Amino acid sequence: MPTSIARAHTNIALVKYWGKADTDLIIPQTSSLSLTLDQFYTDTSVTFDERLTADQVVVNHQSLSPTASRKVRHVLDLVRHQAQTTTFAQVTSQNHVPTAAGLASSASAFAALAAAASRAAGLTLDRTALSRLARRGSGSATRSIFGGFVEWQAGHDDATSYAVPFQEHVTWPIAMVALVLDPHRKKVSSRQGMQASVTTSPYYPAWRQVVAQDLAAIKPAILAQDFPIVGTILESNAMRMHALTLSAQPAYSYFNGDSLAAMQTVRDLRAAGTACYYTLDAGPNVKVFCQAADLPTITQRFSAQFGADRVLVAHPGPGVQWLSE
Ligand code: 2P0
């Protein structure tokens, strides 16, 4: 069968997904809204090959063990089921994202896998079906099928839980500065962490209300390109998500000392007149939402604090694309 290669970009949630209603199907407790970024992406090649006796998965030139490739094989099984084949696949993936450092490499990885594997198996899936398939690998991948601002509508079952573009072509001159404060693999996976929050944080019901309010408020603010409103919402939404880590039993946290220092720098920049806002995902790296015109001021400040090699700049990016058939 032919090889298919796909590229998908990471996304950063402005209103976060933190908790599942169905852990097998990855149906979230709430909807979420993200921005796809241009700088961080995954290229994945898939070939179904009748000579193989098992799926072979290579990520960043390293062959994954059967345990490490479990989520990938799960998505391949779903593709095989739809395509009515039992043939194993060769999957080769290159992440242009600091893996597992809270820059959401799983989002780009499973979006690229869904696109490449479905096409390699001869399926022609529309973007809604691709979004549903990517979701089965990793929740945040649901949104990386689309570019720009994207909403993952929670739905209530496999058929109704998928992402839709909110504003795919972004003309607003905004940027996201990613501070790589610790490039190592996180200690508490998103999957474990969010489940602990759902089952043990007394604040979880309040979080569901926060998300509903934030989604309702951020959408008109994005359309109006109202930078302070969008920034204020994404910053408070991130902090309220992280409150679910500290309020779990046992408590955990993704922050390290540098995360706290970077958040203070954002507040200092704001106090000095440079509007910018922070968000953090399931890792210590801080992402700073800013206006493109302020990039020189902001990148200079963080380069002085953490070193220029730890300051990465991204802009709104595109949805999934095929690089070959
Ligand atoms: C998000 N994160 O909305 C949230 C905010 C991290 C913090 O989605 O278990 O790797 O595979 O569905 O998608 C990261 O969690 O978790 C994530 P699974 P995923 O982007």
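Start at Ile26, in the loop between β2 (20–22) and β3 (27–28). This is a predicted model. Check the backbone here: Ile26 is not a glycine, yet its phi is positive, about 55°.

**A second backbone stop**

Jump to the loop between α6 (227–246) and α7, where Pro250 is found. Select Gln249 along with Pro250. The peptide bond from Gln249 to Pro250 is cis, and its omega is near 0°.

**The two domains**

Now colour by domain. The domain assignment splits the chain into domain 1 (3–169) and domain 2 (174–314). Place a marker on each C-alpha centre: the two centres lie 23 Å apart. Domain 1 gives 26 residues to the contact, and domain 2 gives 37 residues.

Which elements give two or more residues to the side of domain 1 that touches domain 2? Select β1 (3–15), β4 (32–48) and β9 (162–167) to see them. β4 makes the largest share of that side, with 6 residues. Colour the side of domain 1 that touches domain 2 by class, and 15 nonpolar, 8 polar and 3 charged residues appear.

**The ligand**

Next, centre on the ligand. It has 15 residues around it. The closest are Ala13, Ser138, Gly139, Ser140 and Ser190. By class, the shell around the ligand holds 6 nonpolar, 6 polar and 3 charged residues. Where does the ligand lie relative to domain 1 and domain 2? Both domains give residues to its shell, so the ligand lies between them.

**Helices α1 and α2**

Hide the ligand and select α1 (residues 70–83) with α2 (residues 105–120). Two packed helices are described by the angle between their axes and the distance between the axes. For α1 and α2, the axes come within 10 Å and cross at roughly 35°. The crossing is right-handed.

Show the side chains at the contact. From α1, pick Val72, Val75, Leu76 and Val79. From α2, pick Phe110, Leu113, Ala114, Ala117 and Ser118. The contact of α1 with α2 counts 8 nonpolar residues, 1 polar and no charged.

**An open sheet**

Move to the sheet with strand order β11-β12-β10-β13. Its 4 strands form an open sheet, and the pairing is antiparallel. Which strands stand at the edges? They are β11 (276–280) and β13 (311–314). Each has a single partner strand, so one side of each is left without a neighbour in the sheet. Look along the sheet for the twist, which averages 25° from one strand to the next.

Zoom in on β11 and β12 (residues 286–291), an antiparallel pair joined over 5 bridges. Select Tyr277, whose bridge partner in β12 is Phe289.

Then add helix α7 (residues 257–271), which packs on the sheet. The helix touches β10 (174–179), β11 and β12. The direction of α7 makes about 160° with that of β11.

**Helices α7 and α8**

Keep α7 and add α8 (residues 295–306). Their axes are 11 Å apart, and the helices pack at an angle of about 145°. The crossing of α7 and α8 is right-handed.

Finish with the side chains of this contact. α7 brings Asp258, Thr265 and Leu269. α8 brings Ile298, Arg301, Phe302, Gln305 and Phe306. By class, the contact of α7 with α8 divides into 4 nonpolar, 2 polar and 2 charged residues.

Notes
Residues numbered from 1 in each chain as written. Predicted model: local features only at pLDDT ≥ 70, side-chain atom pairs only at ≥ 80, totals over all residues. Domains from an automatic or database assignment. Contact = placed C-beta atoms within 7 Å. Nonpolar A, V, L, I, M, F, W, Y, C, P; charged D, E, K, R; others polar. Pairing = 2+ DSSP bridges. Axes fitted to C-alpha atoms, helices over the stretch in contact; angles between N-to-C directions. Near = placed C-beta within 6 Å. Left-handed = near helix turned anticlockwise from the far one by under 90°.
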